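Q: Please take a close look at one single part of this model. I am a first-year student, and I would like each term explained as you go.

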Amino acid sequence: MKIKSNTYLKELQSKINCKLDEYMSPSCPHLLWESMRYSVLGDGKRLRGILCIESCKTFKGSEDISLPTACAIEIIHAQSLIHDDLPCMDNDDFRRGKPSTHKQFGAAQAILAGDALIPFAYEVFLKHTPPSVSDKTKLTIIEEFSKTIGAHGLVGGQVVDVENAGIQVDSETLNYIHSNKTGALYNFALRSGAILANCSDKELELITTYSKAIGLAFQISDDILDITGSKESLGKTPGKDKASGKNTYPSVYGLENSISELNNLCKLAKDTLAHNNIKSEVLIDIADFIAERIK
Ligand code: GRG
């Protein structure tokens with residue numbers, strides 16, 4: 001698991017954290033900004049943001065052009081965690097090793113902080129992406145971002161997840177849930193980085209194959225860790241999927257099959273890069289990290 005010791009990845013993590021801190025300078029109303037900052041600046045891995053930057057650099061783009069998009073992605077990710085933790089959804093009192101936002105600030109404030117983060121993500125992208133990125137590219141990214149986070153992506157996946165709690169779903173529905181509630185943001189992270197770098201259609205297709213594989217793999221690893229992980233290592237409450245009758249890879253396929261599928265997907269992601277001469281040690285490391293984080 002090189003990601004934890006990899007100085008380069010730590011540097012990227014701290015660059016994203018510094019920019020988020022800078023973009024989210026406290027303002028009025030104070031409580032709103034306090035709760036927004038509490039949620040966004042918590043101790044996250046910043047994997048999605050890092051993937052966006054790395055995808056951009058892989059196709060000869062730069063950190064400068066992709067950092068605002070990486071931050072917008074992490075802002076939306078934090079928003080989705082706030083709402084996911086609410087008692088009416090996944091109901092978790094802990095997140096990133098701290099009380100979840102509704103526990104710290106109350107449900108009304110948590111909902112409103114999440115609401116405010118959605119337009120704020122767009123504001124960050126539009127205000128801070130350098131003028132060297134064309135308006136056409138910005139519009140392409142905004143259209144894809146909107147599809148990713150709404151009914152065609154995160155919200156759609158979450159709705160099907162919530163409405164099927166306690167009901168055993170088939171494999172197609174399970175893949176729909178995982179690919180949308182979690183995979184969609186991974187997919188956007190990698191595709192947006194590549195689009196910012198003006199990649200070719202073929203390169204976009206290949207990075208999409210990589211992103212779909214690791215996005216699904218990440219949710220499978222999350223499902224496995226819900227069974228095998230501890231509150232300290234996860235920073236959230238383990239064992240909740242089973243208690244709430246959630247459909248997960250282990251609940252549908254069993255633990256061993258889930259581990260094999262996780263490994264297969266991470267291998268597919270890495271092979272896609274290797275067989276097509278897409279050179280990125282970081283993208284390889286992240287696929288390895290996702291496969292190995294359950295160990
Ligand atoms: C985005 C408009 C909009 C609505 C959100 C609530 C909701 C709709 C969707 C839920 C999406 C969700 C929370 C999926 C689970 C994703 C997941 C596995 C999160 C954990 O990711 P990590 O481990 O977290 O990368 P850190 O804390 O490291 O950032």
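A: The buried residues of helix α14 pack against α10 (201-228), α13 (249-253) and α15 (281-292), where contact means heavy atoms within 4.5 Å. The model is predicted, and local features need pLDDT of at least 70, side-chain atom pairs count only at pLDDT 80 or more, while totals for chains, interfaces and linings use all residues. Residues are numbered from 1 along each chain as its sequence is written, and side-chain values use heavy atoms, with hydrogens and water left out.

The names of the elements come from DSSP runs, numbered from the N terminus, with helices (H or I) having at least four residues and strands (E) at least two. The residues of α14 that are buried, meaning under 20% relative accessible area with a 1.4 Å probe and protein chains only, are Ser258, Leu262, Leu265, Cys266, Ala269, Thr272 and Leu273. Seen down the axis of α14, these buried residues fall within an arc of 120°, so they line one face of the helix; the arc is taken from the directions from the helix axis to the C-beta atoms. The face turned away from that buried side carries Glu256, Ala274 and His275, which are exposed, that is, over 50% relative accessible area, with partly exposed in between.

The length of α14 can be checked too. The expected span of a helix is 1.5 Å times one less than its number of residues, so the 21 residues of α14 (residues 255-275) should span 30 Å, and this agrees with its end C-alpha atoms, which are 30 Å apart. After α14 comes Asn277, whose phi is positive, near 60°.
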